[in-house]
Amino acid sequence: MSQLIPPPLSLYIHFPWCVRKCPYCDFNSHQLQQDLPEQAYLQALIADLQQDLPDVWGRNVHSIFMGGGTPSLFSAEAMRSLLSQVRALLPITPDAEITMEINPGSQEFDDLEAYRAAGINRLSFGIQSLQDHQLKTLGRIHTADQAITAVKKAQAAGFDNINLDMMFALPEQNLVSAHNDLQALIDLQPQHISYYQLTLEPNTLFASKPPVGLPANEHKLRMYQQGQQLLQQAGFEQYEVSAFARNNKRSQHNLNYWSFGDYLAIGAGAHSKISFGHDGRIRRQLKHKHPKAYLQKAHAADRIVQSEFLTAEQLPFEFMLNAVRLKQPISLKKFEDTTGLNRASLIAPLETLADLPWFSMDADYLQLTEEGFLLSDEILKAFL
């Protein structure tokens, strides 16, 4: 492969503990069984980051995302200390988007001003529904009233970049209840909404014991299309399969993922993707998943449990994996710049789909149709 042009760089920080594991969740999260090891985990994160620094010398970080688990189990003072140490080690751009995921059922809402003072400028609330019976089914620890109160407190604390997550295709849900649930979320006036389907992911409780009354596939599609229309009418622009923003408040961090950007990742189970422009290679790594193992290993090289350089055969699929989630056209030049490959290696698999009305393509861009956008998984099969 030829020399690469390094893409934008983000930092992901994983916090693995939750008050309770949700039955649909396949993220690396663990129910907190004892006191939170706050200081020990912060020390592990910084040790982890220090060892990763040689891979990104001289590169600016454009966004930071603190996900989980439940990052907001950590105190505002802990976040201030962590971000201060990160800034001492990495050049963070002055306008960097710094997001923290937050659980409406945890008890940090007296500290929202302090989180903002620590440098966090975007909050992402895992609300999932504003109907109490659905929250109970989903195993959430908050009520609808608690979620509404939490969002209003965040707004009162000065946060003007807030994402709210909501699920559809919930048990016994119909078009009317899905509409009312989403409308109630819109009424909270967030800048960003993530609207996504409940799926039964492998290795979750719901996968082994599915909830009763899940909607049929045709009803799921109608709920999704109804949500698209409702959000558009409320002034939200859809820019990704499940992401809707208004007032130009797109998630810069997630856009970097979906655009095949680079991301350094620290924390238990954190995945990273780094381009090495000098030799044209792209590497993915994975850290120890279990918090106990991570705490023990974070100060040494064996904190990394998987590390691989992507082959030329893997790169077209890896590039397209997230690119097909986006509404914006896919740049063939960007494919060449970020993979070091000729665009022909991307075009060839697509030619097998040329008779299907899923996309159009000219000399510079690939653009999915609305049908192709909804069937992106089918397009990806051409690259496997």
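The following dialogue asks how several labels are justified in this predicted model.

Student: Why is Lys273 called buried?

Tutor: Lys273, which lies in strand 12 (residues 271-276), has a relative accessible area of 1%, and because buried means under 20%, the label applies to Lys273.

Student: What makes the pair Lys273 and Asp262 a polar contact?

Tutor: The side chains of Lys273 and Asp262 are joined at 3.1 Å, and the cut-off for a pair of N or O atoms is within 3.5 Å, so the pair qualifies as a polar contact. A polar atom of the Lys273 side chain also lies 2.7 Å from the backbone oxygen of Phe260, and the residues that Lys273 touches include Pro7, Tyr263 and Ile282.

Student: How do you know that Arg303 and Asp48 form a salt bridge?

Tutor: Their side chains meet at 2.7 Å, N to O, and the rule asks for a side-chain nitrogen of Lys or Arg within 4 Å of a carboxyl oxygen of Asp or Glu, so the pair meets the rule. Arg303 lies in the loop between helix 10 (291-297) and strand 14 (304-309), while Asp48 is in helix 1 (residues 38-52), so the salt bridge ties together parts that are 255 residues apart in sequence. Both Arg303 and Asp48 are buried.

Student: Glu237 and Arg250 also form a salt bridge; why are these two residues called partly exposed?

Tutor: Glu237 has 41% relative accessibility and Arg250 has a relative accessible area of 23%; because buried means under 20% and exposed means over 50%, each value falls in between, and both residues count as partly exposed. The closest N and O atoms of this pair are 2.8 Å apart, and the pair links Glu237 in strand 9 with Arg250 in the loop between strand 10 and helix 9 (252-258), 13 residues apart.

Student: What makes strand 9 and strand 10 a pair?

Tutor: Two strands pair if there are at least two bridges between them, and strand 9 (residues 237-240) and strand 10 (residues 243-245) have three, in the antiparallel sense, so the requirement is met. One of the bridges sets Gln238 opposite its partner Phe244 in strand 10, and the two strands form a hairpin with two residues between them.

Student: Why are strand 15 and strand 16 said to stand at the edges?

Tutor: The open sheet of three strands has the order 15-17-16, with antiparallel pairing. Strand 15 (330-331) and strand 16 (359-361) each have a single partner strand, so one side of each is left without a neighbour in the sheet.

How values were computed
Residues numbered from 1 in each chain as written. Predicted model: local features only at pLDDT ≥ 70, side-chain atom pairs only at ≥ 80, totals over all residues. Heavy atoms only, no water. Helix = DSSP H or I, 4+ residues; strand = E, 2+ residues; numbered from the N terminus. Buried < 20%, exposed > 50% of the residue type's maximum accessible area, 1.4 Å probe, protein only. Polar contact = N/O pair within 3.5 Å; in protein donor to acceptor, adjacent residues only side chain to side chain. Contact = heavy atoms within 4.5 Å. Lists of a residue's contacts leave out its neighbours within four places in sequence.
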